[in-house]
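Let's take a walk through this protein together, with the sequence and the fold side by side. Please have both open as you read.

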Amino acid sequence: MPAPTSKKTAPTVRRVAAGNRRSGRPRAATAAARIYSDLRSELVSLQRRPGEAISEAQIALSFGVSRTPVREAILKLSDEGLLEIYPQSGIFVSRIPINALPEAIIIRKSLEETTARLAAERATPSQILALRSVLERQREASAAGDSETFHQADELFHATVADVAGYPGIWKFIQQVKVHVDRYRRLTLPQSGRIPKVIAEHEAVLTAIEAHDPERARRAMEAHLASLLDNISATQHINPEFFDERR
């Protein structure tokens with residue numbers, strides 16, 4: 001005769017059952033978040049080109065989900081200005097709004113001048129080594145001709161400066177502001193001499209941080225990000241089909 005189940009085992013059974021339910025098929029919200037993240041990455045990296053049509057059905061098929069989470073992700077990306085929805089025509093990757101770039105770059109520049117200055121005041125030897133390691137990763141990516149790894153290391157360099165400054169939330173805010181700037185920056189990387197110039201500018205920022213010279217670090221970051229403003233016209237001239245001049 002089996003031993004009777006004690007009252008203490010009941011909560012355990014319920015927890016296991018709940019765990020099994022959670023480990024099953026992702027809920028729609030989880031699927032929508034995953035689709036949003038993957039699709040956003042493709043849009044920002046220009047894997048999906050401005051003007052390209054987006055198919056809800058295709059995305060749902062590739063993720064093995066219904067159209068509901070796909071639609072949620074698409075609406076969120078539309079709110080960010082990365083997709084344009086036309087009820088009678090379809091969904092399209094938005095073109096880069098050229099008139100919005102200067103303001104976004106100026107906001108970013110102002111905030112990152114502050115993080116560079118504070119990083120120079122506060123950086124510890126181990127934090128400086130971490131920044132040096134990221135810069136070395138950029139050099140390796142440049143030598144290998146790997147623009148995607150270079151871009152990821154570029155992002156990490158700026159995020160690490162904000163961490164060293166003690167304000168990682170500033171970088172999170174900048175990421176929201178600079179979504180179209182990131183798409184534009186992807187177009188600048190293939191330009192002759194651009195990647196070596198970025199590395200040299202990062203080296204100047206890091207050298208100032210290492211020397212604990214806040215004003216020099218601020219100026220180095222200012223010069224680095226000001227170059228993005230200078231390149232807008234040339235980049236648009238090379239890739240006119242990627243940009244939208246509407247106000």
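About how many helical turns separate R218 and E222 in helix α11? Keep in mind that this is a predicted model. R218 and E222 sit 4 residues apart in helix α11, which covers residues 214-230, so about one helical turn separates them. Their side chains meet in a salt bridge, with 3.4 Å from N to O. Salt bridges with shared partners tie R218 and E222 into one network that also takes in K109, E113, E215 and R219. E222 itself is partly exposed, at a relative accessible area of 29%.

Now step back to the whole chain. It contains 12 helices and 5 strands, and 42% of its 247 residues count as buried. Among contacts with a separation of 6 or more, 77% join residues that are 24 or more positions apart.

Salt bridges are a good thread to follow from here. Side chains of opposite charge can pair when their charged atoms come close. Searching the whole structure turns up 24 salt bridges. One of these links R48 with E42, and the closest N and O atoms are 2.6 Å apart. E42 counts as partly exposed, because its relative accessibility is 24%. Another salt bridge brings together the side chains of K178 and D182, at 2.7 Å from N to O. Are these two partners buried or exposed? K178 is buried, with a relative accessible area of 1%, and D182 is buried too, at 7%. Both values fall under the 20% cut-off for buried residues.

D182 also leads us to the largest pocket, whose volume is about 320 Å³. The lining has 16 residues, and those closest to the pocket's centre are R40, S41, V44, E155 and D182. Which helix gives the largest share of this lining? That is α2, with 5 residues. Helices α2 (28-44), α7 (147-165), α8 (168-177) and α9 (179-188) each contribute at least two lining residues. By residue class, the lining of this pocket has 3 nonpolar, 7 polar and 6 charged members.

Helix α7 deserves a closer look, and T160 is a handy residue to pick out on it. At 13% relative accessibility, T160 counts as buried. A polar atom of the T160 side chain lies 2.6 Å from the backbone oxygen of L156. Leaving aside residues up to four places away in sequence, T160 touches L131 and V134.

From α7 we can move on to an enclosed space. The structure holds 1 cavity of 30 Å³ or more, and the largest cavity has about 70 Å³ of space. Its lining is made up of D154, H158, R185, T188, L189, R194, V198, H224, L225 and L228. Helices α7, α9, α10 (194-210) and α11 each supply at least two of these residues, with the largest share, 3 residues, coming from α11. The cavity lining divides into 4 nonpolar, 3 polar and 3 charged residues.

That brings us back to where we began. Helix α11 carries R218 and E222, about one helical turn apart, and α11 also gives the largest share of the lining of the largest cavity. Helices α7 and α9 are worth highlighting as well: each supplies at least two residues to the lining of the largest pocket, and each does so for the lining of the largest cavity.

Key:
Residues numbered from 1 in each chain as written. Predicted model: local features only at pLDDT ≥ 70, side-chain atom pairs only at ≥ 80, totals over all residues. Heavy atoms only, no water. 1 Å grid on protein atoms, 1.4 Å probe; cavity = no way out; pocket = protein on both sides within 12 Å on 5 of 7 lines; lining within 4 Å. Points joined across faces, edges and corners; volume = space filled by probe spheres on them. Nonpolar A, V, L, I, M, F, W, Y, C, P; charged D, E, K, R; others polar. Salt bridge = Lys/Arg side-chain N within 4 Å of Asp/Glu carboxyl O. Buried < 20%, exposed > 50% of the residue type's maximum accessible area, 1.4 Å probe, protein only. Polar contact = N/O pair within 3.5 Å; in protein donor to acceptor, adjacent residues only side chain to side chain. Contact = heavy atoms within 4.5 Å.
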